[in-house]
Amino acid sequence: MSMINGRQGPDIMSRNRAGRFTPVAVLISLLLLPSSIWAQPAKRLAFPYSPIGLNCLPWFVAKDAKIFEKYGIEFDPVFIGASSALFNAMLSGAADLAGSGGPAVISNILKGGDIIHITAMVPRFTQSIMVKSEIKKPEDMAGKKIGVSRLGTVTHFALQTALDGYGIKGVTILQMGGQPEAFAGLSRGSVDGAVFSPPYNFQLKKMGFTELVSPNDLAKLTEFITNGIVARRSVAEKDKETVIKTIKGTAEAIRLIQTDREFTKKVMNKWMPMKDNEMVELVYRFATENFSKDGTVPEGALRGMVKQMVQSNLVDAKLAAATPVTAYYDNRYVEEVKRSGFFDQLWK
């Protein structure tokens, strides 16, 4: 007899009378071995994201619902403020995938990086231009001060899309730093308007400010990608399995958002606390309307972003013209998940 975990157990080397191992003895011995011998440690996936808000809700839900555990992944979402800091962390090797996207991907590629879109989970603007009540129509922004978080960010693109779409000139664009700073600036009257995502736009409406341009208005003007899963192209090609699992886990979280209102609200209140129950309901409804069911990256949105970045002198025009749009994204991973029937099964 041998000792297993401090107790006697069948000898793995026991034989039958003919001198051969008996299948039953071997099976019993294997079953009695410590479970740690068989357990595969979960792969830790550091997942930077930005900003803290509705556009990152699927990863908050995935974390709290422990969706990634069944994929053998220890999912660890980590907030990193500015897109530039997030991308620098990825390029340094601190993370291989992240929740981000939009203009930052284009800037990164044109500067020699290899961070690309592999999904577009929010394939549209989710921002609103909120203004003082005396501003009644988009043309009234002429001569006014309108805040964005930073030049080259999604908020800047949302504002510029509206200005170009409505043919508005003479607007002073101010960098506010972030949504809380913009909220404070508009509340105090230091700016005439600013660009906000939920829940800030809903809070400002309740305070009497006007939603001058809505996400639906912006969607009529151009395609866009507000957020998605980004990855280093070089790493994604080497570790396709983790990329596929991340796409599936995120999609399952979006499905859960659609089907479990109360759980999603609890997650929202944990990660982006809101004291007003009416506000929570408004944000929840907005969430159910804006996430993609499969995350396919729309090429037209990337073309539009490149064009706007060139027009705003945010990137080198010649370099942008010489770079194919396929440099910014890769839909192969989403397409593989589609072919497997995963999305059809998930959303049936």
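Contact means heavy atoms within 4.5 Å. The legends below use the word in that sense, and the model they describe is predicted.

**Figure 1. The whole protein combines 16 helices with 12 strands.** The protein has 348 residues, and 49% of them count as buried. Its accessible surface comes to about 16600 Å². Carbon and sulfur atoms hold 52% of that surface. Now take the contacts in the protein with a separation of 6 or more. Residues 24 or more positions apart account for 77% of these contacts.

**Figure 2. The largest nonpolar core has 97 residues.** Which residues have the most contacts inside this core? They are Leu57, Met141, Leu302 and Tyr328. Helix H10, residues 240-259, gives the core its largest share, 7 residues. Another core lies apart from this one and has 10 residues. Met176, Phe183, Leu186 and Ala194 are among them. A general point helps here. In soluble globular proteins, nonpolar side chains tend to be buried together.

**Figure 3. Tyr328 is one of the residues with the most contacts inside the largest core.** Which residues is Tyr328 in contact with, leaving aside its neighbours within four places in sequence? The list includes Val105, Ile106, Ile109 and Leu110. Ile116, His117 and Arg233 are also in contact with Tyr328. Leu302, Val306 and Thr323 belong to the list too. Leu302 appears in Figure 2 as well, among the residues with the most contacts inside the core.

**Figure 4. Helix H2 packs against helix H10 at an angle of about 95°.** H2 covers residues 57-64, and its axis is 8 Å from that of H10. What does the angle make of the pair? H2 is roughly perpendicular to H10, because angles of 65 to 115 degrees count that way. On the H2 side, the contact uses Leu57, Pro58, Trp59, Val61 and Ala62. On the H10 side, they meet Thr250, Ala253, Ile254, Leu256 and Ile257. By class, 9 residues of this contact are nonpolar, 1 is polar and none is charged.

**Figure 5. Helix H5 packs against helix H13 at an angle of about 80°.** H5 covers residues 154-166, and H13 covers residues 299-311. Their axes are 11 Å apart. This angle makes H5 roughly perpendicular to H13. H5 brings Phe157, Gln160, Thr161 and Asp164 to the contact. H13 brings Met305, Gln308, Met309 and Gln311. How do the residues of the contact divide by class? There are 3 nonpolar, 4 polar and 1 charged.

**Figure 6. Lys66 and Asn313 each have a positive phi in a residue other than glycine.** Start with Lys66. Its phi is near 55°. Lys66 lies in the loop between H2 and strand S4, residues 73-79. Is Lys66 buried or exposed? Lys66 counts as exposed because its relative accessibility is 54%, and exposed means over 50%. Turn to Asn313. Its phi is near 60°. Asn313 lies in the loop between H13 and helix H14, residues 317-322. Asn313 is exposed, with a relative accessible area of 69%.

**Figure 7. The peptide bond from Pro198 to Pro199 is cis.** Its omega is near 5°. Where is Pro199 found? Pro199 sits in the loop between strand S10, residues 193-196, and helix H7, residues 200-206.

**Figure 8. Ala94 is found in a loop between a helix and a strand.** The helix is H3, residues 83-91, and the strand is S5, residues 97-100. Ala94 is exposed, with a relative accessible area of 52%. Ala94 and Phe47 are 47 residues apart in sequence. In space, they are 9.4 Å apart, C-alpha to C-alpha. Not counting residues up to four places away in sequence, Ala94 touches Ala46 and Ala89.

**Figure 9. Arg255 has its place in helix H10.** Arg255 is partly exposed, with a relative accessible area of 24%. Which residues does Arg255 touch, not counting residues up to four places away in sequence? They are Leu346, Trp347 and Lys348. Arg255 and Thr288 are 33 residues apart in sequence. Their C-alpha atoms are 9.2 Å apart in space.

Methods
Residues numbered from 1 in each chain as written. Predicted model: local features only at pLDDT ≥ 70, side-chain atom pairs only at ≥ 80, totals over all residues. Heavy atoms only, no water. Core = buried A, V, L, I, M, F, W, Y, C linked by side-chain atoms within 4.5 Å. Buried < 20%, exposed > 50% of the residue type's maximum accessible area, 1.4 Å probe, protein only. Helix = DSSP H or I, 4+ residues; strand = E, 2+ residues; numbered from the N terminus. Axes fitted to C-alpha atoms, helices over the stretch in contact; angles between N-to-C directions. Parallel < 35°, antiparallel > 145°, perpendicular 65-115°, else oblique. Nonpolar A, V, L, I, M, F, W, Y, C, P; charged D, E, K, R; others polar. Areas by Shrake-Rupley, 256 points an atom, 1.4 Å probe, with all protein chains shown as cover.
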